[in-house]
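Work through these exercises with the structure open. Try each task before reading its solution.

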Amino acid sequence: MDILVCVKRVPDTSENEIEINSEGTDIEREDLVYSVNEWDNYAVEEAIQIRDRVGGSVTVVTVGDEDSEEVLRREMAMGADQGILISDDAIEGCDGKGSAKTLKAEIEKGKYDLIMTGAQADEGYAQVGGMIAAMLDMPYASLVNYLEILDDNKLKVGREIEGGNTEMNEISIPCVLSIQTGINEPRYVGIRGIRKVANVEIPTHGLSDLGLSGDDVGEKAAKVKRVDYFVPETGEGAEMLEGDTEEKAEKLAEILKSKGGIK
Amino acid sequence: MEHVLISPANATILGIPAWILAVLIPVVGIGAFAYIIARRLIPLAKAESDPRFDRIPLRIKNVLKFWLAQYKQPRYMLAGVLHIVIFIGFLILSVRSISLVIVGFNEGFVMPGLSGALGDVYNFLKDYAATLVFLACIVAAVRRIFFKPERYKVPPEYGEDHTAEAVFVLGLIGALMVFESLFEASHVAAQLQEGMQAEFLPPLTLAWFFSKILGGASTAVLQPIHTSSYFLHDLIFFFFLCYLPFGKHFHVITSIFNVLFMKLDRGTIKPVRHGVSEEELDNLESFGVKYFEEFTWKNMLDFYTCVDCGRCSDNCPANAVGRPLSPRFLTLKSRDYMFERFPVLGDIQPKEPVVGKVFSEDEIWACTTCGACEEECPVLNEYINKIVDLRRGLIEEGNVPQSLQKPLGALEKRGNPYGMMEKKKLDWSKDLPEGTEVKVLDKNNSSDTLYFMDSATAFDERLQEIAKATTTLFNNLGTDFGVLGKAEKDSGHEVKRFGEEMLFQTLKEQNTEAINNSGVSNIITTDPHAYNALNKDYSGIPQAEHISQYLLRQIRNNQLKFNPVTDSELVFTYHDPCYLGRHNLLYDVPREVMDSIPGLNRVEMDRCRDSSFCCGGGGLMLFYESEEDMRMGQKRAQMAAEAGANVIVVACPYCLVNLEDGVKTSGMEGQIQVMDLTELVLQYMYVSS
């Protein structure tokens with residue numbers, strides 16, 4: 001089974017303190033560290049496990065600048081067979097649809113049985129997976145947390161639905177799946193693993209390689225534009241607990257007790 | 001001397017001259033033994049190299065101390081004394097046994113040098129030796145059969161009980177003593193009956209008792225006893241020799257070599273591969289141990305030498321709190337696997353990954369590398385290097401518990417396991433008292449002394465108190481010091497010990513550069529893990545000191561003086577951090593600092609100094625979630641309470657968090673206080689106004 005996984009480089013939320021810049025146009029990017037979007041890691045792990053079971057290949061692709069090559073290498077150190085970097089200054093300012101269109105063009109250049117994305121990106125809107133499926137006219141399942149290959153044409157996928165329940169579906173391939181965290185335990189990638197793939201060539205595709213132009217996917221084509229970033233005003237009913245960790249914990253326990261949250 | 005009884009060399013058995021048998025038994029026995037040993041050496045020949053032929057005088061000294069003088073044995077008094085008796089007895093009797101074997105075909109043979117007075121002394125000694133060994137075997141067997149000490153138990157997941165093997169061997173040893181004595185006693189009894197000259201049998205020895213019992217027996221009875229006890233001794237002797245390499249009694253042969261080649265440098269970790277420099281690591285095909293052959297030959301010798309005495313697991317804190325780790329079975333499982341894959345008879349089995357087959361991932365991660373097992377082992381087996389090598393293998397395969405992946409990722413990106421931004425490294429210094437300055441060192445801004453904080457002390461809210469106390473102490477004592485600030489990365493002590501060697505190398509390079517850039521001439525740290533890393537894992541930087549050493553020097557120089565402890569209710573105890581105590585032997589320094597405070601009432605916990613009980617581990621171990629029945633910190637807090645202490649003083653940030661946590665979660669909050677040595681010293685420091 002030939003699998004393509006779309007991945008994204010995002011600021012690592014667990015290792016950064018996200019602040020908005022003074023103009024309110026973006027987050028403060030100085031001092032940020034980046035990593036692979038967490039959901040994408042699960043998708044790549046799942047793809048590798050499928051390949052190891054039934055054979056085939058795993059390709060990882062990302063749309064971004066040259067720094068994004070780092071996330072491709074990380075996924076290749078995990079076990080992906082090849083990486084493709086789509087990079088073009090003209091993509092700058094694209095919206096989700098622009099990303100989806102770019103990825104669709106790349107997908108059509110190859111022949112894949114299965115397309116995977118993370119369910120969402122740390123800084124995104126969980127839209128690209130669905131859009132790709134629609135553009136490719138392929139069946140789509142979102143929030144997949146279980147995957148089983150039934151035969152050459154069919155998969156069984158579990159989807160997380162409300163209340164922590166799982167719904168089971170059969171889906172024919174080729175198809176697009178957006179992968180939820182928890183579907184597996186992604187393996188660890190150490191520095192040694194990354195160094196081992198440091199010299200593997202990663203092709204870079206520009207828009208012209210994909211038969212697209214900036215007018216198709218770039219800022220001009222974007223129908224969704226970011227207008228503002230702001231921290232919401234502290235509203236009624238919200239109470240910020242003060243003090244050191246212990247005092248905060250104590251106050252929180254008190255509140256929970258008084259409202260009957262804990263007994 | 002005339003002999004009444006026919007000696008084995010002249011006897012006939014069923015018409016066949018007995019000397020043929022007396023030659024045949026040793027020839028077959030030695031031949032079989034040589035073959036068995038050759039087979040047992042096969043895995044060692046296939047193993048990874050480990051150059052252990054350096055510092056021979058020290059190694060010989062270790063053999064005299066740990067092997068000949070049985071230095072570790074009395075740590076468990078009864079078992080230890082029994083073992084010493086049997087061991088010394090064996091040494092003495094080995095001469096007798098060898099000459100007995102020769103006497104079977106060379107009548108009247110006497111070991112060279114033992115014909116005169118020395119021989120009389122020897123005979124006197126060996127009769128008592130045999131008797132004491134016999135008694136020791138009986139006591140040991142009674143102990144194993146009836147009293148069943150807890151540490152010999154075999155939990156169901158590790159298979160069958162081992163009592164039968166132990167008692168069988170005690171039986172063999174006992175039988176050797178009995179037949180050796182019977183052989184001699186029957187001869188003496190016959191001589192005396194005929195009124196002829198006989199050897200003197202020392203009173204109350206086995207041989208003496210037997211000679212009394214046999215005193216009335218006729219030659220017709222004594223002759224078969226004499227001949228058969230000789231050949232039974234001979235048979236059992238060679239059977240025992242060949243049986244040794246099939247179980248825990250292999251140590252009889254291997255322990256001397258195991259001690260000779262023991263690890264000499266405390267606190268260090270073996271390189272990924274011996275003979276491969278740090279710069280060449282990238283060229284290595286594989287890291288760590290994934291297949292059995294990737295253990296070193298010394299690791300394998302350890303497995304063979306294990307005595308199954310259970311002392312390691314009895315002291316292992318992970319084992320004590322129900323983590324899935326027992327050092328004893330880590331070794332025994334490995335030994336059994338070796339026996340199975342490299343059998344004495346039959347083909348060598350194909351290689352296969354050891355994790356999943358011999359070891360579980362959980363047991364490999366459960367170890368805090370506290371070193372209690374190694375400290376206790378009477379034959380000086382190692383564990384930490386093996387655990388680290390197994391972890392290296394797991395890391396390379398990507399098999400890392402989810403709970404460790406985040407901190408490892410953060411260490412790679414941010415240089416600390418908390419994922420805190422580098423610029424927050426000195427946030428704690430904002431609350432320092434007026435006038436306390438914390439200088440950030442670099443090329444243009446130097447000091448004599450670098451205070452190396454390490455991640456936990458810089459970022460953990462509670463542990464920042466150690467940083468504050470330390471900087472205040474430096475300030476009060478007029479020590480010119482500085483910190484590295486943003487440029488200081490995690491020391492990587494646990495990164496290395498969790499098997500992520502390349503990440504450790506990266507952190508080490510960054511720190512080495514920053515330290516050398518700062519131009520300091522000495523380093524002080526409050527973190528024993530950093531202390532161990534800087535001194536053992538790093539090179540090319542100034543020697544690091546632990547804060548307790550600095551404080552003691554200030555006390556001795558009369559720079560640091562104390563107000564007395566006035567609260568008579570306070571009972572202090574000192575908890576030895578593993579990386580200050582066992583791995584660096586700093587047991588007395590922190591105690592002397594405490595004892596310099598007038599009126600300080602200090603008690604010791606049962607498990608102190610080199611048998612200290614790990615708090616739960618530091619660095620990455622704080623993030624690891626093991627299956628366990630209780631926390632090590634809780635158990636340790638309990639031990640402090642049992643010692644009657646209400647203040648536990650530690651000298652390590654991780655001990656501080658783990659023990660505070662242990663106290664709180666055991667419901668002893670308010671009854672027991674935990675504090676760092678720096679906090680204690682600052683509290684009682686006399687500052688002239």
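**Exercise 1. Chain A overall**

What percentage of the contacts in chain A with a separation of 6 or more comes from residues 24 or more positions apart?

Solution. The model is predicted. In chain A, residues 24 or more positions apart account for 69% of these contacts. Next, list the elements: chain A has seven helices and eleven strands. Then take the extent: the C-alpha trace of chain A spans about 60 × 45 × 40 Å along its principal axes. Last, check burial: of the 263 residues in chain A, 36% are buried.

**Exercise 2. The contact between the chains**

Find which helix of chain B supplies the largest share of the side that touches chain A.

Solution. Start with the counts: chain B gives 24 residues to the contact and chain A gives 18. On the chain B side, helix 16 (384-397), helix 17 (402-414) and helix 21 (501-518) each supply at least two residues. Helix 17 of chain B has the largest share, with nine residues. By class, the chain B side has eight nonpolar, seven polar and nine charged residues.

**Exercise 3. Strand 10 of chain B**

Place strand 10 of chain B among its partners, and decide whether its faces are covered or open.

Solution. Begin with a rule: side chains in a regular strand alternate between the two faces of the sheet. In strand 10 (residues 647-650) of chain B, Val647(B) and Val649(B) are on one side, and Ile648(B) and Val650(B) are on the other. These four residues are all buried, and both faces are covered. Now find the partners. Strand 8 (residues 572-574) of chain B pairs with strand 10 in the parallel sense over three bridges. There, Tyr574(B) stands opposite Val649(B). Strand 11 (residues 673-676) of chain B also pairs with strand 10 in the parallel sense, over four bridges. Val674(B) in strand 11 is the bridge partner of Ile648(B). From strand 10 the chain passes through helix 26 (residues 653-665) to strand 11 of chain B, in a right-handed β-α-β crossover.

**Exercise 4. Unusual backbone geometry**

Locate Arg55(B) and Thr369(B), and sort each as buried or exposed.

Solution. Recall the background: most residues other than glycine have a negative phi, and most peptide bonds are trans.

- Arg55(B) has a positive phi of about 45 degrees. Arg55(B) lies in the loop between helix 2 (42-46) and helix 3 (56-68) of chain B. With 12 other C-beta atoms within 10 Å, Arg55(B) is exposed.
- Thr369(B) has a positive phi near 55 degrees. Thr369(B) is in the loop between helix 14 (361-365) and helix 15 (372-376) of chain B. Thr369(B) counts as buried, because it has 27 C-beta neighbours inside 10 Å.

How values were computed
Residues are numbered from 1 along each chain as its sequence is written. Chains are lettered from A and ligands numbered from 1 in the order in which they are written. This is a predicted model: local features need pLDDT of at least 70, side-chain atom pairs count only at pLDDT 80 or more; totals for chains, interfaces and linings use all residues. A residue is buried if 20 or more other C-beta atoms lie within 10 Å of its own, exposed if 12 or fewer, and partly exposed in between; C-beta atoms are placed from the backbone. Two residues are in contact if their C-beta atoms, placed from the backbone, lie within 7 Å. Ala, Val, Leu, Ile, Met, Phe, Trp, Tyr, Cys and Pro count as nonpolar, Asp, Glu, Lys and Arg as charged, and the others, Gly among them, as polar. Two strands pair if DSSP finds at least two bridges between them. A crossover is right-handed if, with the strands pointing away from the viewer, the path from the first strand over the helix to the second runs clockwise.
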